[in-house]
Amino acid sequence: MTENDAAPAAAEAAPESSSRNLLMRVVVAAVLIPLAVAIAYAGGWLWTALVTAAAIGLFVEWLAVVGLAALALSIRGGVALAIGGICFAVGRIDAALIVLAIGLVAVAATAPDRRGWAAAGFCYAAAAEIASVLLRLDPVKGFAALMFVFFIVWVTDSGGYFAGRGIGGPKLWPSVSPKKTWAGAVGGFATSLAVACGFAAFDLGRTVPLLVSAAILSVASQLGDLFESAVKRRFGVKDSSHIIPGHGGLMDRLDGFVAAVVLAAVFGFLRGGADGVGRGLMVW
């Protein structure tokens, strides 16, 4: 095969590969999304267990991305996150925060090098764990608030994907994420506003506050995606792992959610306190 013959063959193979990848993403999402929603609805220790497992996975993947995949360091951070999760499950938020603070010190002090990156990875995972648990903890609006964040992140990602592929145009930040476009960013943002209108239609909050929250969380989700891409680009890594078929690793799948849920939990905590984070987010 000549060079001229190879070019059309590669061009034909690219759309086929892209279609297979899209199909895989859809199939995996069709399995994982209902499972996540069901566990979120159950709440309690089951949700805390899922969140804790995800946080440990995020920390381990972060260490691998930044070149610190040492078993001892992963165990130290993982144990701290696990004990913190147990404390959350039994209602001891204070103890969980103390354990996680000790875990941060232990990780930073014992990292062989790049201690700042090791500490940042633990903070990233711990923040996701704390925010996800506290948001669901609210017995009145916890599930609705969590679903609001879930749907904002999901439609921002999906809307951005299809708008970016369908419209194309100028790149959003080519040096960090070559495939993302301004059209995709706007498309994801617009679909998040539609979610806010849907929640308002079901009387889960007032329209204007939900629109404001959706807009802010959609931007946060996209910035979280870009942040993770920047970290991987910094260390020359394409995927954080290959644990989720068609999606890469946990960091690849949860980057937008981590940023959005942390921001949502901070805002909800400031307005509703530790036991009213969901109400603080949803009820203005």
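These legends go with a set of close-up views of a predicted model.

**View 1. The second largest pocket has a lining made of nonpolar residues.**
Start with the space itself: the second largest pocket holds about 170 Å³. Around it sit I93, L97, A127, I130, A131, L134, V262, A265, V266 and F269. Sorted by type, that lining comes out as 10 nonpolar residues, with no polar and no charged ones. Three helices, α4 (93-110), α5 (115-137) and α9 (250-272), each put at least two residues into the lining.

**View 2. D138 and R279 pair up in a salt bridge.**
Here the two side chains come to 3.0 Å, N to O. D138 belongs to the loop between α5 and α6 (142-167), while R279 is part of helix α10 (residues 277-282), so this contact ties together parts that are 141 residues apart in sequence. How buried or exposed are the two partners? D138 counts as buried, because its relative accessibility is 0% and the cut-off for buried is under 20%. R279, at 34%, counts as partly exposed.

**View 3. A salt bridge joins D157 to R253.**
The closest N and O atoms of this pair are 2.8 Å apart. It's another link between distant parts of the chain, with D157 in helix α6 and R253 in helix α9, 96 residues apart. Both ends have some access to the outside: D157 is partly exposed at 27% relative accessibility, and R253 is partly exposed too, with a relative accessible area of 24%.

**View 4. K180 and D225 connect a strand to a helix.**
Look for the meeting of the D225 and K180 side chains, a salt bridge at 3.3 Å, N to O. K180 comes from strand β2 (residues 177-181) and D225 from helix α8 (residues 207-234), so to speak two distant parts of the chain, 45 residues apart. D225 counts as buried because its relative accessibility, 15%, falls under the 20% cut-off. K180, at 27%, counts as partly exposed.

**View 5. E228, K232 and D252 share a salt-bridge network.**
In this view, salt bridges with partners in common join E228, K232 and D252 into one network. How many salt bridges does the structure hold? The count for the structure is six.

**View 6. Six side chains make a nonpolar patch on the surface: V208, V212, I216, L263, F267 and W284.**
Taken together, these residues offer about 500 Å² of accessible area. Which elements give two or more residues to the patch? They are α8 and α9, and α8 gives the most, with three residues. W284 comes from elsewhere in the chain, in the segment after α10. With a relative accessible area of 35%, W284 is partly exposed.

**View 7. Y161 and G187 are picked out here for the spacing of their C-alpha atoms.**
The two residues are 26 residues apart along the chain, and 8.4 Å separates their C-alpha atoms. Y161 sits in helix α6, the helix that also carries D157 from View 3. The relative accessible area of Y161 is 23%, and that makes it partly exposed.

**View 8. R114 has a positive phi without being a glycine.**
Its phi is near 50 degrees. You'll find R114 in the loop between α4 and α5, two of the helices that help line the pocket in View 1. R114 is partly exposed, with a relative accessible area of 41%.

**View 9. D203 is another residue other than glycine with a positive phi.**
For D203, phi is near 60 degrees. D203 lies in the loop between α7 (182-201) and α8. Is D203 buried or exposed? D203 counts as exposed, because its relative accessibility is 64% and the cut-off for exposed is over 50%.

Definitions and conventions:
Residues are numbered from 1 along each chain as its sequence is written. This is a predicted model: local features need pLDDT of at least 70, side-chain atom pairs count only at pLDDT 80 or more; totals for chains, interfaces and linings use all residues. Side-chain values use heavy atoms; hydrogens and water are left out. On a 1 Å grid over the protein atoms alone, a cavity is a set of points where a 1.4 Å probe fits but cannot get out, and a pocket is an open set with protein on both sides within 12 Å along at least five of seven lines; lining residues have an atom within 4 Å of a point. Grid points are joined across faces, edges and corners, and a volume is the space filled by probe spheres set on the points. Helices (H or I, at least four residues) and strands (E, at least two) are DSSP runs, numbered from the N terminus. Ala, Val, Leu, Ile, Met, Phe, Trp, Tyr, Cys and Pro count as nonpolar, Asp, Glu, Lys and Arg as charged, and the others, Gly among them, as polar. A salt bridge is a side-chain nitrogen of Lys or Arg within 4 Å of a carboxyl oxygen of Asp or Glu. Buried means under 20% relative accessible area, exposed over 50%, partly exposed in between (1.4 Å probe, protein chains only). Patches are made of residues with over 30% relative accessible area and no salt bridge: like charges are joined within 9 Å, nonpolar side chains (Val, Leu, Ile, Met, Phe, Trp, Tyr) within 5 Å. Accessible areas come from the Shrake-Rupley method with a 1.4 Å probe; for residues, only the protein chains shown count as cover.
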